[in-house]
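Thank you all for coming; I would like to take a few minutes to walk through one model and how its helices come together. Please have a look at it before I begin.

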Amino acid sequence: MANVKNLKKDINYVLGDIIEAVYLYEIATTGKPTDETNALIDETILSFDTLITKVNAKNVENKKSHFKQINVELEQVANQLIAKINSLQ
């Protein structure tokens with residue numbers, strides 16, 4: 001299923017870019033990790049694990065709507081994390 005493969009790649013790329021943005025923020029400001037940035041990275045990794053677990057679920061009745069819902073959830077999580085990055089300072 002190419003769609004599942006692409007969804008997993010999207011999850012990986014989007015959340016990976018968010019972690020990279022946190023690292024860039026650290027470099028640009030303090031030059032070292034802070035408690036807030038560490039918590040944000042941990043939250044991003046937890047979101048990644050949760051989404052991948054949902055993608056790998058085998059007992060799904062309607063796969064098409066299930067994957068669409070995961071895609072919507074990815075967008076919501078990404079927007080929340082980006083808002084938290086923007087609120088750092």
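I will start with how the model is treated, and then go through a helix pair, the core and one threonine.

This is a predicted model, in which local features need pLDDT of at least 70 and side-chain atom pairs count only at pLDDT 80 or more, while totals for chains, interfaces and linings use all residues. Residues are numbered from 1 along each chain as its sequence is written, and side-chain values use heavy atoms, with hydrogens and water left out.

Helix 2, residues 35-55, packs with helix 3, residues 63-87, at an angle of about 175°, their axes being 11 Å apart; helices here are DSSP runs of H or I with at least four residues, and axes are lines fitted to C-alpha atoms over the stretch in contact, with angles running from 0 to 180 degrees between N-to-C directions. The two helices are therefore roughly antiparallel, a term for angles over 145 degrees. Among the residues making the contact (heavy atoms within 4.5 Å) are L40, L51 and V55 of helix 2 and F67, I70 and L74 of helix 3.

The largest nonpolar core, a set of buried Ala, Val, Leu, Ile, Met, Phe, Trp, Tyr and Cys residues joined through side-chain atoms within 4.5 Å, has 19 residues, and helix 3 gives the most to it, with seven. V55, one of the residues with the most contacts inside this core, touches I11, F67 and I70, among others.

Finally, T37 of helix 2 is buried at 1% relative accessible area, where buried means under 20% with a 1.4 Å probe, protein chains only.

Terms used: Angles under 35 degrees count as roughly parallel, over 145 as roughly antiparallel, 65 to 115 as roughly perpendicular and the rest as oblique. Buried means under 20% relative accessible area, exposed over 50%, partly exposed in between (1.4 Å probe, protein chains only). Lists of a residue's contacts leave out its neighbours within four places in sequence.
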